[in-house]
Amino acid sequence: MQLKFIGIVVAALVPLAVSTSVDPKSCKNGEFWWADKNCCLTKGGPPAPPTPPKNTNCPPTSYYWGEKQGCCVPRNPPPSNPPPPQCPKGWTWYPALSRCQITPTPPVTTPPSQPSSYNKGNNYNNDDDKNGRGNNGNHGGNRGGYHKRAAKSRSSLCPSGLDACPISGLFGDYECLDTASELESCGGCASLGKGQDCTKITGAWNVGCEQGSCIVYTCAGGFRVGADGKTCVAL
């Protein structure tokens, strides 16, 4: 009786195992086989991919978040011997998890405090006024420097060589970007409709921004680098 019951359970599980098994031949037209997770994926990915969970991100050039797989999945077949995917700035790719996570920052060590002292060479004395200018007409050491830095910050939103790009959806807020090398604002602020977002080049796997111009380093499977070096051409 007991053996008969076990036989019935096994017989019920066999069709289930067969129905859920997937192989490369099961992929439909417009899909490709991703061996890492043994599944079929849509070429090019969905037009509106899901948002990754909190504290998780995906390489914008070549991956998107796959809800069924619970990880980042490629938009196109990976090239042979692919380089590591490019995570957004401040994120690191973890191959075992197939996702980007925030790059850990090293702990900040505070140097021991030093007793304040005056530099006689700067003619710094106790009679200096609040602006860091001594009564004898000479600027005091650090306070005079602060006065100059404050004046500079008022005249420019960002340090020299960086552009102040408005942050979409946040009125009045901006970020300082080096548009000569920034992937998502290459050659100009994307939020102002300028430059190019290198991460949106169709078929690209790894890209770069060099001197304000997008460069394609590697294309996904089924694509090759175009003659201009800035695009991927379908094979």
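This passage goes through the disulfides, the free cysteines, two hairpins, a salt bridge and one loop proline.

The structure is a predicted model, so local features were kept only at pLDDT of at least 70 and side-chain atom pairs only at pLDDT 80 or more, whereas totals for chains, interfaces and linings use all residues. Residues are numbered from 1 along each chain as its sequence is written, and side-chain values use heavy atoms, with hydrogens and water left out.

Disulfides come up first. Taking a disulfide as a pair of cysteine sulfur atoms within 2.5 Å, the count comes to 8. Three of these links are described here, beginning with C58 and C72, whose sulfur atoms sit 2.1 Å apart. The torsion about this S-S bond is -90°, which makes the C58 to C72 link left-handed. C58 belongs to the loop between β2 (39-42) and β3 (63-66), and C72 to strand β4 (residues 71-74), so the bond ties together parts that are 14 residues apart in sequence. The strand labels follow DSSP runs numbered from the N terminus (E, at least two residues, for strands; H or I, at least four, for helices). As for burial, the usual three bins apply: buried is under 20% relative accessible area, exposed is over 50%, and partly exposed is in between, with a 1.4 Å probe and protein chains only. On that scale C58 is buried at 6%, and C72 is buried at 0%.

Next comes the pair C87 and C100, with a sulfur separation of 2.0 Å. This link is left-handed too, with -85° about the S-S bond. Here C87 lies in the loop between β4 and β5 (91-94) while C100 is in strand β6 (residues 99-102), so parts 13 residues apart in sequence get tied together. C87 is buried with a relative accessible area of 16%, and C100 is buried with 0%.

The bond from C219 to C232 has its sulfurs 2.1 Å apart. At -95° about the S-S bond, the C219 to C232 link is left-handed. Since C219 is in strand β10 (residues 213-219) and C232 in strand β12 (residues 232-234), this disulfide ties together parts that are 13 residues apart in sequence. Both C219 and C232 are buried.

Some cysteines are left out of the bonding. Why is C39 without a bond? The closest cysteine sulfur, in C40, is 7.1 Å from that of C39, which is too far. C39 still counts as buried, at 11% relative accessibility. C71 is in no disulfide either, with the nearest cysteine sulfur, that of C72, 6.8 Å away. C71 is buried as well, with a relative accessible area of 1%.

Now for strand pairing, where two strands pair if DSSP finds at least two bridges between them. β3 and β4 run antiparallel and are joined by 4 bridges. In this pairing, Y63 stands opposite P74 in β4. The two strands make a hairpin with 4 residues between them, and G70 in the turn has a positive phi of about 70°.

A second antiparallel pair is β9 with β10, joined by 6 bridges. Strand β9 (residues 204-210) is mostly covered, with 6 of its 7 residues buried. Across the pairing, N206 stands opposite T218 in β10. The hairpin of β9 and β10 has 2 residues between the strands, and Q211 takes a positive phi near 55° there.

How many salt bridges turn up? With the criterion set as a side-chain nitrogen of Lys or Arg within 4 Å of a carboxyl oxygen of Asp or Glu, the count comes to 1. The partners are E182 and K89, whose side chains meet with an N to O distance of 2.9 Å. This contact links distant parts of the chain, with E182 in the loop between β8 (174-177) and β9 and K89 in the loop between β4 and β5, 93 residues apart. Are the two ends buried or exposed? E182 counts as buried at 15% relative accessibility, whereas K89 counts as exposed at 69%.

Finally, there is a proline in the loop between β5 and β6, namely P95. P95 is exposed, with a relative accessible area of 64%. P85 is 10 residues from P95 along the chain, and their C-alpha atoms are separated by 9.2 Å.
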